[in-house]
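User: Got a minute to go through this model with me? I'd like to start with the pockets.

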Amino acid sequence: MRTMDTLALARELIRIPSPSGEEGPIVDCLARLLSDAGWQVIRQPVSPGRDNLYATLGPPQVVLSTHLDVVPPTLAFSEDEEWLHGRGSCDAKGIAAAMVSAAEHLREAGERRVGLLLVVGEEDGSDGAAAASALEPRGRWLINGEPTENRLVIGHKGALRVALRAEGVAAHSGYPEEGRSAIDLLLLALERIRALPLGEDALLGTGSLNIGTVMGGVATNVFAPSARAELLIRTVGPAEPLQAAIVAAMPPHVSVTFPLVIPPFRSRPVTGWETSTVSYTTDLPLLSTWGEGFLLGPGSIRLAHTDRERVRKSDLVAGRDSYVRLITQLLRNSTP
């Protein structure tokens, strides 16, 4: 594996299906590769068959971290002269390959103060990042990998997942006085949430809302006995005031829970780097105990989660070089 070729490793990883909850095979692959190359590898159980992977050569100062899970559906690997195609090519298996390659490059130059933290579950609740808080040793800096077009991100939005459940009373649709439609209640709750202000921030912009799933009812001629919906709000400030407003807006017979709350992230600019902000959420706020955080990676988020997910080969190689550059800069000077 020395020096691990970025594109060869990316090809291998993209070919391994790893939807959230089924990351075992890709973790096995990387654990074997890193162990064979002489890394000290810790497998941290997160749930049955699912482990975080933490690899070090010695006490780390900088840790490179990204996630190994992907969203469904699976997209088969393919390749042309310019691009690698397939699920995870840009989010984030290509990034994992660039990180491993960067760490190996630095190792060959004599730098052993770099660790690799590869987590599960980022696409579905971030249980891997939450569990990683128990791992040691940690360094002074953590560079998280997501598709940023190789720009250093100095801020991203948070995430607030909202789960609604409405309880109705089943009855024949010809006799409204006998029933209560859970779907009508759910629609009212959604209308009230959509009317709430989602906040503004000078750096991150305005909050946004997506109604992701809506389910309910049993038949067209029956008042729906139950209905439920899940929403995701991209937050730009503290979630607590928005949570309180949502709870206060609920009509009778509708309950609300918040299965996921990740705050927005902000970091400082670094001398010599082009910076940007993004509207998605990462594991970085959950990895705050790992030191000062940075967000950087090859690929475009606009291709992630789509049926055309792909990444330029040249961008992956440039991503590897960007990780080497940032790590070198951080280690050379604690206030770059």
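Analyst: Sure. A pocket here is an open set of grid points with protein on both sides within 12 Å along at least five of seven lines, and lining residues have an atom within 4 Å of a point. Keep in mind that this is a predicted model.

User: OK. What volume does the largest pocket have?

Analyst: About 730 Å³. Its lining has 29 residues.

User: Which residues lie nearest its centre?

Analyst: E123, R161, L232, R234 and H305.

User: Which element gives the most to that lining?

Analyst: β12, with 5 residues. The elements giving two or more are β9 (158–167), β12 (208–216), β13 (226–235) and β14 (254–262).

User: And the lining by class?

Analyst: 10 nonpolar, 10 polar and 9 charged residues.

User: What about the second largest pocket?

Analyst: About 180 Å³ of space. P147, T148, E149, R151, S276, T277, V278, I301 and R302 line that pocket. By class that is 3 nonpolar, 3 polar and 3 charged.

User: Switching to strands. Is β3 mostly covered or open?

Analyst: Mostly covered. β3 spans residues 62–67, and 6 of its 6 residues are buried. V62, L64 and T66 point one way, while V63, S65 and H67 point the other.

User: Which strands does β3 join?

Analyst: β6 (residues 114–119), through 6 bridges, running parallel. There, T66 stands opposite L118. β3 also runs parallel to β7 (residues 141–144), with 4 bridges. In that pair, S65 stands opposite N144.

User: Last one: how many residues of α3 are buried?

Analyst: 14 of its 16. Helix α3 covers residues 93–108 and reaches 23 Å from first C-alpha to last, close to the 22 Å expected. Just after α3, G110 takes a positive phi of about 100°.

Terms used:
Residues are numbered from 1 along each chain as its sequence is written. This is a predicted model: local features need pLDDT of at least 70, side-chain atom pairs count only at pLDDT 80 or more; totals for chains, interfaces and linings use all residues. Side-chain values use heavy atoms; hydrogens and water are left out. The expected span of a helix is 1.5 Å times one less than its number of residues. Buried means under 20% relative accessible area, exposed over 50%, partly exposed in between (1.4 Å probe, protein chains only). Two strands pair if DSSP finds at least two bridges between them. On a 1 Å grid over the protein atoms alone, a cavity is a set of points where a 1.4 Å probe fits but cannot get out, and a pocket is an open set with protein on both sides within 12 Å along at least five of seven lines; lining residues have an atom within 4 Å of a point. Grid points are joined across faces, edges and corners, and a volume is the space filled by probe spheres set on the points. Ala, Val, Leu, Ile, Met, Phe, Trp, Tyr, Cys and Pro count as nonpolar, Asp, Glu, Lys and Arg as charged, and the others, Gly among them, as polar.
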